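Q: Hey, I've got a new structure open and don't know where to start. Can you walk me through it?

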Amino acid sequence: MASAGLPRLLCFLCSVFEHLLQSNTLRPPLFGCHDKPENGPMRLGYNINGLAHHDPLQALALLAEIGYQSVALTLDHGPLNPYSDDWLVQRSRLKAAIDGWGMKSVIETGARFLLDRNVKHEPTLVSGNGDERQRRIDFLQKAIDVAEFLGSDYIDHIAEQLKR
């Protein structure tokens, strides 16, 4: 059970950000609470990687209960693995949970060892081998597909570097 003060703090922070966005001043806003506001460009969100030792569906519930309105999901090992045999079932469960909590989502593509168990974040779009680059392209297509299925707002693609 979340502390009674945490939702109030989150609400206050949300009102501070809304005030800053609207007025461009540093004057603090009045206290006011918004249950999942729909009237602004910003939603309070959290990257689920911060709850790596929780089941993703339980993490979504926890985040929604303490006031988060959006979640970043990194396609990775476990229930968020687009290569697993039960991926279609898992993504349907994710969609039901996200929709059920009235949350929005973004898709992260920064899984560390999903495409190569030996080298973090490899292969990339600038990898030397064409087959490796194609693996990254295929993964990004899976990210696009799941983002469309979930109704995600955007996809975050990790920065890449050319290996020398």
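A: Here is a short tour of the sheet and an aromatic pair. It's a predicted model, where local features need pLDDT of at least 70, side-chain atom pairs count only at pLDDT 80 or more, and totals for chains, interfaces and linings use all residues. Residues are numbered from 1 along each chain as its sequence is written, and side-chain values use heavy atoms, with hydrogens and water left out.

Q: Cool. In what order do the strands of the sheet come?

A: The open sheet has four strands in the order S1-S2-S3-S4, with parallel pairing. Strands are DSSP runs (E, at least two residues) and helices are too (H or I, at least four), numbered from the N terminus; two strands pair if DSSP finds at least two bridges between them.

Q: Which strands stand at the edges?

A: S1 (45–47) and S4 (155–156): each has a single partner strand, so one side of each is left without a neighbour in the sheet.

Q: And how many bridges do S2 and S3 pair over?

A: Five, between S2 (residues 70–74) and S3 (residues 104–108). Ala-72 stands opposite Val-106 in S3.

Q: Switching topic: how many aromatic pairs does the structure hold?

A: Two. Rings of Phe, Tyr and Trp (its six-membered ring) pair if their centres lie within 6.5 Å; planes under 30 degrees apart count as stacked, over 60 as edge-to-face and the rest as tilted. Tyr-83 and Phe-139 have ring centres 6.4 Å apart and planes at 20°, so that pair is stacked.

Q: Where do those two sit in the chain?

A: Tyr-83 is in the loop between S2 and helix H3 (87–100), while Phe-139 is in helix H4, so to speak a link between distant parts of the chain, 56 residues apart.
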